[in-house]
Amino acid sequence: MGDEPSAAVRIETPRLVLRELRVEDWPEAQVLDRDPLVVRYQLNDVLDEEGTKKYLASSVLAASQSPRQVYDFALCLKGDDRLLGRVGLRVERPEHREAMVWFNLRRDHWRRGLASEALRGLIDFGFSQLGLHRLYGDCDPRNVGSSGVMEKVGMRREAHLRENWWVKGEWCDSFLYAVLEQDWPALRSAQQ
Ligand SMILES: CC(C)(COP(=O)(O)OP(=O)(O)OC[C@H]1O[C@@H](n2cnc3c(N)ncnc32)[C@H](O)[C@@H]1OP(=O)(O)O)[C@@H](O)C(=O)NCCC(=O)NCCS
């Protein structure tokens, strides 16, 4: 987590490549952003083309910051550079080596274990390359896909926060999941 500009990151997992986002990804990213089921438990509502382009531009800009705190990747199948989803992390408290993770995926690729595989790759990267100590994510308890992914990779549910978000006209609860660097090697090898 030094001050020098960071080089482009590319993470490989058995089936996937996680690569840096580009503004040119917008047509594929729109497939995600305009899907009401994909954004159902996100803070934002569906995005139009301009919204998707703005999001991608802000991620590209964040990737160029030094020290870099945001790593927002396109999730692609190996051998096919098209974005199917996004997975990323933001270093929120550098002095505590803690980051928040997120992930989403096109609906026509759900339930193939792809988000879990991508999150595993991201966690490997966070601990081994960024020297992080703790990675956490949160989700609405009704979002069984999201909690399922975090449980499948071995993140521990640490809290059920009651009505801590006002989203889309209602109070929403959150599950908080986390994994620590010292626990990851054993969790990781149990999933090989
Ligand atoms: C969350 C999301 C990325 C999951 O992607 P995915 O590739 O389908 O997830 P996985 O196949 O790795 O599933 C992991 C586990 O989660 C659970 N799960 C995933 N989707 C589920 C669903 N629709 N219903 C019930 N359980 C589900 C299962 O336990 C699954 O393990 P299993 O297939 O071995 O039973 C996808 O549903 C999505 O994009 N949702 C909308 C965006 C979102 O909510 N992102 C998270 C914000 S906090």
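Student: Let's start with Cys172. Which strand is Cys172 in?
Tutor: Cys172 sits in strand β8. Keep in mind that this is a predicted model.

Student: Okay. How exposed is Cys172?
Tutor: Cys172 is partly exposed. It has 19 other C-beta atoms within 10 Å. A residue counts as buried if 20 or more lie within that distance, so Cys172 falls short of the cut-off.

Student: What does Cys172 touch?
Tutor: Leave out residues up to four places away in sequence, and Cys172 touches Asp140, Glu163, Trp165 and Val167.

Student: And how far is Cys172 from Arg15?
Tutor: They are 157 residues apart in sequence. In space, C-alpha to C-alpha, they are 34 Å apart.

Student: Back to β8. In what sense do β7 and β8 pair?
Tutor: The pairing of β7 and β8 is antiparallel, over 8 bridges. One link to look for is Trp166, whose bridge partner in β8 is Trp171.

Student: How many residues sit between the strands in that hairpin?
Tutor: The hairpin of β7 and β8 has 2 residues between its strands. Lys168 lies in that loop. Its phi is near 50°, a positive value in a residue other than glycine.

Student: Why point that out?
Tutor: Because most residues other than glycine have a negative phi.

Student: Fair. Where does Lys168 stand on burial?
Tutor: Lys168 counts as partly exposed, with 13 C-beta neighbours inside 10 Å.

Student: And strand β7 itself, how many of its residues are buried?
Tutor: The count is 0 among its 12 residues. β7 covers residues 156-167 and is hardly covered by the rest.

Student: New topic. What else has an odd backbone angle?
Tutor: Look at Arg97. Its phi is also positive, near 50°, and Arg97 is not a glycine. Arg97 lies in the loop between β4 (85-93) and β5. It is partly exposed, with 17 other C-beta atoms within 10 Å.

Student: Which residue in strand β6 is in contact with Arg97?
Tutor: Arg134, which is found in strand β6. Setting aside neighbours within four places in sequence, Arg134 is in contact with Arg97, Glu98, Ala178 and Leu180. Arg134 is partly exposed, with 17 other C-beta atoms within 10 Å.

Student: How far is Arg134 from Leu89?
Tutor: Arg134 and Leu89 are 11 Å apart in space, C-alpha to C-alpha, and 45 residues apart in sequence.

Student: Where's the cis peptide bond?
Tutor: It runs from Ser66 to Pro67, with omega near -5°. Pro67 lies in the loop between α2 (49-63) and β3 (70-77). Most peptide bonds are trans.

Student: Now helices. Which residues of α4 are buried?
Tutor: In α4, residues 144-152, they are Ser146, Val149 and Met150. Down the axis of α4, the buried residues fall within an arc of 95°, so they line one face of the helix.

Student: What do those buried residues pack against?
Tutor: They pack against β5 (98-105), α3 (114-128), β6 (134-139) and β8 (170-180).

Student: What comes after α4?
Tutor: Gly154 follows α4, and its phi is positive, near 100°.

Student: There's a ligand too. Which residues come nearest?
Tutor: Of the 21 residues around the ligand, the nearest are Trp110, Ala115, Ser116, Gly145 and Gly148.

Student: Which element gives the largest share of that shell?
Tutor: α4 does, with 6 residues. β5, α3 and α4 each supply at least two residues of the shell.

Student: How does the shell divide by residue type?
Tutor: The shell has 11 nonpolar, 7 polar and 3 charged residues.

Student: Zoom out. How many helices and strands are there?
Tutor: The chain has 5 helices and 8 strands. From the N terminus, their order is β-β-α-α-β-β-β-α-β-α-β-β-α. The radius of gyration is 16 Å, close to the 16 Å that the globule rule gives for 192 residues, so the chain is as compact as a globular protein of that length.

Student: What box do the C-alpha atoms fill?
Tutor: Roughly 40 × 40 × 30 Å, taken along the principal axes.

Student: Last ones. What share of the chain is buried, and how many contacts join residues far apart in sequence?
Tutor: Buried residues make up 30% of the 192. Among contacts between residues at least 6 apart in sequence, 58% join residues at least 24 apart.

Conventions
Residues numbered from 1 in each chain as written. Predicted model: local features only at pLDDT ≥ 70, side-chain atom pairs only at ≥ 80, totals over all residues. Helix = DSSP H or I, 4+ residues; strand = E, 2+ residues; numbered from the N terminus. Rg over C-alpha atoms; globule rule 2.2 N^0.38 Å. Contact = placed C-beta atoms within 7 Å. Arc of directions from axis to C-beta. Near = placed C-beta within 6 Å. Nonpolar A, V, L, I, M, F, W, Y, C, P; charged D, E, K, R; others polar. Pairing = 2+ DSSP bridges.
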